[in-house]
Amino acid sequence: MLKVGITGGIGSGKSTVCRVFSVLGIPVFESDKIARELMNTDTEIKQQLVDLFGTAVYLPDHTINRKYLAGIVFNNPSLLAQLNTIVHPVVRKTFFDWCEKQQTPYIIHEAAILFESGFYKMMDKTITVITSEHERIQRVMKRDGITLEMVNERIKNQWNDQQRMELADFVIGNNDDELVIPQIIEIDKKLRADG
Ligand code: ATP
């Protein structure tokens, strides 16, 4: 079974593309979502986050205070790296355990920072979703109700499309004027043949 990593800049349409793969019967591991869930459920992660960031990192209902955490790590690369050191190994283990249970020719691992984190090295193939920065900004502002400055801050912290395309095996264009489903079907065909 092939492990296929999918990534792309913020708002490029990773999750949207993954929904299509899912409709085609391909299991999708949403690593960013799983990481957030693990911060709420994994007792070891929780203890380490409290040790590092203090008790305010959890809300009274014991769920992670994402706003507080983001405020701390956003402009502090060292604390962000420490956060990743706590969370990433557990996400990895969860992913490989999950893979054991899948029975399709390939599976998809969706991650915003697939390349930045180095996790792409554990994938057999990678896909990057490319959408113009202008469209991504419009989509994210609309989806999340945030300002242009906030989107730009996030873009600044990620690799650019050129860097992602250099490492990707497949590229999916998801601009308004591109048909995304035929591109996905084509990639699905190739991956099923290889898987
Ligand atoms: P993030 O990096 O923030 O997790 P993402 O890459 O997963 O984002 P999506 O959430 O899939 O991106 O898409 C961003 C927004 O753009 C969503 O509101 C989605 O519905 C919309 N969108 C995705 N693809 C298209 C498209 N081809 N045309 C118009 N809107 C789109």
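**Entry 1. Ligand shell**

I began with the elements around the ligand and noted that α1 (14-23) and α6 (133-144) each supply at least two residues of its shell. The model is a predicted one, and I read every entry below with that in mind. I then asked which element gives the largest share of the shell. That element is α1, with three residues.

I listed the surrounding residues next. The ligand has G9, I10, G11, S12, G13, K14, S15 and T16 around it, together with R139, R143, N174 and D176. I sorted this shell by class and recorded seven polar residues, four charged residues and one nonpolar residue.

**Entry 2. Polar contacts of the ligand**

I looked up the side chains that approach the ligand with polar atoms. For S15, an N or O atom of the side chain is 2.8 Å from an oxygen atom of the ligand. For N174, I found a side-chain N or O atom 2.8 Å from a nitrogen atom of the ligand. For R139, a polar side-chain atom lies 3.4 Å from a ligand nitrogen atom. I then turned to the ligand surface: taken alone, the ligand exposes 630 Å², and the protein buries 70% of that. I also checked which pocket holds the ligand, and the ligand sits in the largest pocket.

**Entry 3. N174**

I returned to N174 to place it in the fold. N174 belongs to the loop between β5 (170-173) and α9 (180-194). Is N174 buried or exposed? I recorded a relative accessible area of 11% for N174, which is under 20%, so N174 counts as buried. I also took a distance from N174 to P105, which is 69 residues away in sequence; the two C-alpha atoms are 25 Å apart in space.

**Entry 4. T126**

I located T126 in strand β4 (residues 125-130). Its relative accessible area is 4%, and I therefore entered T126 as buried. I next asked which backbone oxygen the side chain of T126 reaches. The partner is the backbone oxygen of L167, at 3.4 Å.

**Entry 5. R164**

I found R164 in helix α8 (residues 161-167). Is R164 buried or exposed? I noted a relative accessible area of 0% for R164, so this arginine is buried. I then compared positions along the chain and in space: R164 and V129 are 35 residues apart along the chain, and their C-alpha atoms are separated by 9.1 Å.

**Entry 6. H62**

I looked up the backbone of H62 and found a positive phi of about 70 degrees, although H62 is not a glycine. I placed H62 in the loop between α3 (43-53) and α4 (66-73). The relative accessibility of H62 is 56%, which is over 50%, so I recorded H62 as exposed.

**Entry 7. K67**

I closed with K67, which I located in helix α4. The relative accessible area of K67 is 75%, and K67 is therefore exposed. I took one distance here as well: K67 and V57 are ten residues apart in sequence, with 9.1 Å between their C-alpha atoms.

Conventions
Residues numbered from 1 in each chain as written. Predicted model: local features only at pLDDT ≥ 70, side-chain atom pairs only at ≥ 80, totals over all residues. Heavy atoms only, no water. Near = heavy atom within 4 Å. Polar contact = N/O pair within 3.5 Å; in protein donor to acceptor, adjacent residues only side chain to side chain. Areas by Shrake-Rupley, 256 points an atom, 1.4 Å probe, with all protein chains shown as cover. 1 Å grid on protein atoms, 1.4 Å probe; cavity = no way out; pocket = protein on both sides within 12 Å on 5 of 7 lines; lining within 4 Å. Sits in = over half its atoms within 2 Å of the grid points. Helix = DSSP H or I, 4+ residues; strand = E, 2+ residues; numbered from the N terminus. Nonpolar A, V, L, I, M, F, W, Y, C, P; charged D, E, K, R; others polar. Buried < 20%, exposed > 50% of the residue type's maximum accessible area, 1.4 Å probe, protein only.
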